[in-house]
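Me: I would like to go through this fold step by step, asking about one feature at a time. Please reason briefly before each answer.

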Amino acid sequence: MGLFDSLKRGLARSREAINEVFYFGGDVDEDFWEELEDTLVMADMGAEISMQVTDDLRDEAARKNLTTAHELRRALAKRLEEVFVAPSSDLFLDTPACVLFVGINGAGKTTTVGKIAAAAQLAGKHPIIGSADTFRAAAIEQLDVWGNRAGVPVVKRERGSDPASVCYDVLDEADRQNKDLVLIDTAGRLHTSDELMRELAKVVSVTRKRAERMSTGSMPVRVILVIDAATGQNGINQATEFHEALGIDGIVLTKLDGTAKGGIALAVAARLGLPILRVGIGERIEDLQVFNAHDFAQALVGEE
Ligand SMILES: Nc1nc2c(ncn2[C@@H]2O[C@H](COP(=O)(O)OP(=O)(O)OP(=O)(O)O)[C@@H](O)[C@H]2O)c(=O)[nH]1
């Protein structure tokens with residue numbers, strides 16, 4: 001199944017709700033605009049962006065005399081597409097790079113690291129994985145299995161080790177083995193836990209210091225936030241707190257194949273101006289796709 005079909009399946013619930021708004025008879029009246037705004041809120045876009053998009057569309061409809069469902073639907077898809085920020089480059093292929101994956105428990109970090117390592121290997125990069133989730137033994141095992149399968153080395157320490165030292169070690173190893181893409185899994189933590197967020201800030205800063213002095217020169221470090229699309233509006237709080245504590249470079253949105261309404265992608269992009277780099281559409285190693293704002297907006301708004 002291609003990305004567009006997967007997205008369409010994942011976003012079916014929100015699309016059906018949006019579709020209903022467009023089955024209006026007669027004129028585009030006040031009820032139509034109210035219903036549209038409510039439906040966008042229900043799709044997890046949040047009040048702010050839902051209101052802004054509805055107002056903009058309303059202005060555009062008046063200006064350009066858009067009256068049919070077809071015209072309005074097209075304008076809505078275009079407006080939603082505009083909410084997304086394009087990344088300056090593909091942060092997982094623009095090497096050399098060291099990428100740290102952060103997020104709350106169970107968001108899909110370990111799975112995403114495995115998927116990205118496999119894809120990078122196939123794309124001719126030279127990835128290496130650092131398992132700095134020293135809290136969860138299953139995460140270390142899972143990365144080992146996926147690393148083995150993809151032929152990507154995994155640097156790990158026993159459960160309970162200092163995560164910052166694993167980051168240091170994986171960069172040493174990357175230096176020795178001439179690896180150009182260092183992918184680091186970190187332990188899940190709640191954005192509301194000050195102590196765990198401080199620990200993560202230390203992990204990031206140790207990584208940055210070591211990455212500055214690779215034998216081939218300085219290696220850029222990027223911090224990627226992994227968000228479960230089903231977290232709904234809480235995803236905005238997560239993204240805001242992680243961004244403030246660490247400075248996030250981009251988002252991976254997982255589990256878009258599940259029961260997610262999808263609007264959280266727009267809400268986070270609009271609030272923080274961060275690019276969405278990949279979407280997770282399943283549990284298998286190949287179930288990760290490059291995010292495409294146009295396809296996403298089309299899949300959300302649907303066809304007639
Ligand atoms: N359906 C679906 N499941 C996913 C996706 N990504 C991850 N998962 C599943 O989500 C669960 C949690 O994923 P992990 O990768 O272990 O999450 P984590 O963020 O590393 O978890 P912690 O280390 O506890 O913080 C696993 O059962 C994954 O298979 C996705 O895109 N779609």
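The questions and answers below go from the sheet to the helices, the ligand shell and the backbone.

Me: Which strands stand at the edges of the sheet?

Reply: The model is a predicted one, and in it 8 strands form an open sheet with mixed pairing, in the order 3-2-4-1-5-6-7-8. Each edge strand has a single partner strand, so one side of each is left without a neighbour in the sheet. The strands at the edges are strand 3 (154-155) and strand 8 (288-290).

Me: In which sense do strand 5 and strand 6 pair, and which residue stands opposite Asp228?

Reply: Strand 5 covers residues 221-228 and strand 6 covers residues 250-254, and the two pair over 5 bridges in the parallel sense. Within strand 6, the residue that stands opposite Asp228 is Thr254.

Me: At about what angle does helix 6 run to strand 4?

Reply: Helix 6 comprises residues 109-122, and it lies across strand 1 (97-102), strand 2 (127-132), strand 4 (181-186), strand 5, strand 6, strand 7 (276-280) and strand 8. Helix 8 (residues 163-177), for its part, lies across strand 1, strand 2, strand 3 and strand 4, and runs at about 165° to strand 2. For helix 6 against strand 4, the angle is about 165°.

Me: Are helix 6 and helix 7 roughly parallel or roughly antiparallel?

Reply: The axes of helix 6 and helix 7 (residues 137-150) come within 9 Å and cross at roughly 15°. Because angles under 35 degrees count as roughly parallel, helix 6 and helix 7 are roughly parallel.

Me: What is the hand of the crossing of helix 6 and helix 7, and how many charged residues has their contact?

Reply: The crossing of helix 6 and helix 7 is right-handed. From helix 6, Thr110, Val113, Gly114, Ala117, Ala118 and Gln121 meet Ala139, Gln142, Leu143, Trp146, Gly147 and Ala150 of helix 7. By class, the contact of these two helices holds 7 nonpolar and 5 polar residues, and the charged residues number no more than none: there are no charged residues.

Me: Which helix gives the most to the shell around the ligand?

Reply: There are 22 residues around the ligand, and Gly108, Thr110, Thr111, Gly188 and Gly280 come nearest. By class, the residues of this shell divide into 4 nonpolar, 11 polar and 7 charged. The helix that gives the most to the shell, with 3 residues, is helix 6.

Me: How many nonpolar residues does the contact of helix 2 with helix 3 have?

Reply: The axes of helix 2 (residues 12-22) and helix 3 (residues 30-45) come within 9 Å and cross at roughly 175°, and the two helices are therefore roughly antiparallel to each other. Ser14, Ala17, Ile18 and Val21 of helix 2 make the contact with Phe32, Glu35, Leu36, Thr39, Met42 and Ala43 of helix 3. Beside 2 polar and 1 charged residues, the number of nonpolar residues in this contact is 7.

Me: How does helix 2 lie relative to helix 12: parallel or oblique?

Reply: Helix 2 and helix 12 (residues 293-301) pack with their axes 7 Å apart, at an angle of about 60°. Ser14, Arg15 and Ile18 of helix 2 make the contact with Ala299, Leu300 and Val301 of helix 12. The angle of about 60° makes helix 2 oblique to helix 12.

Me: Which residues does the cis peptide bond join?

Reply: The bond has an omega of about 0°, and Pro96 lies in the loop between helix 5 (69-83) and strand 1. The residues joined by the cis peptide bond are Thr95 and Pro96.

Me: In which helix is Asp44 found?

Reply: Asp44 is not a glycine, and yet it has a positive phi of about 80°. The helix in which Asp44 is found is helix 3.

Note on methods. Residues numbered from 1 in each chain as written. Predicted model: local features only at pLDDT ≥ 70, side-chain atom pairs only at ≥ 80, totals over all residues. Near = placed C-beta within 6 Å. Helix = DSSP H or I, 4+ residues; strand = E, 2+ residues; numbered from the N terminus. Nonpolar A, V, L, I, M, F, W, Y, C, P; charged D, E, K, R; others polar. Axes fitted to C-alpha atoms, helices over the stretch in contact; angles between N-to-C directions. Parallel < 35°, antiparallel > 145°, perpendicular 65-115°, else oblique. Left-handed = near helix turned anticlockwise from the far one by under 90°. Contact = placed C-beta atoms within 7 Å. Pairing = 2+ DSSP bridges.
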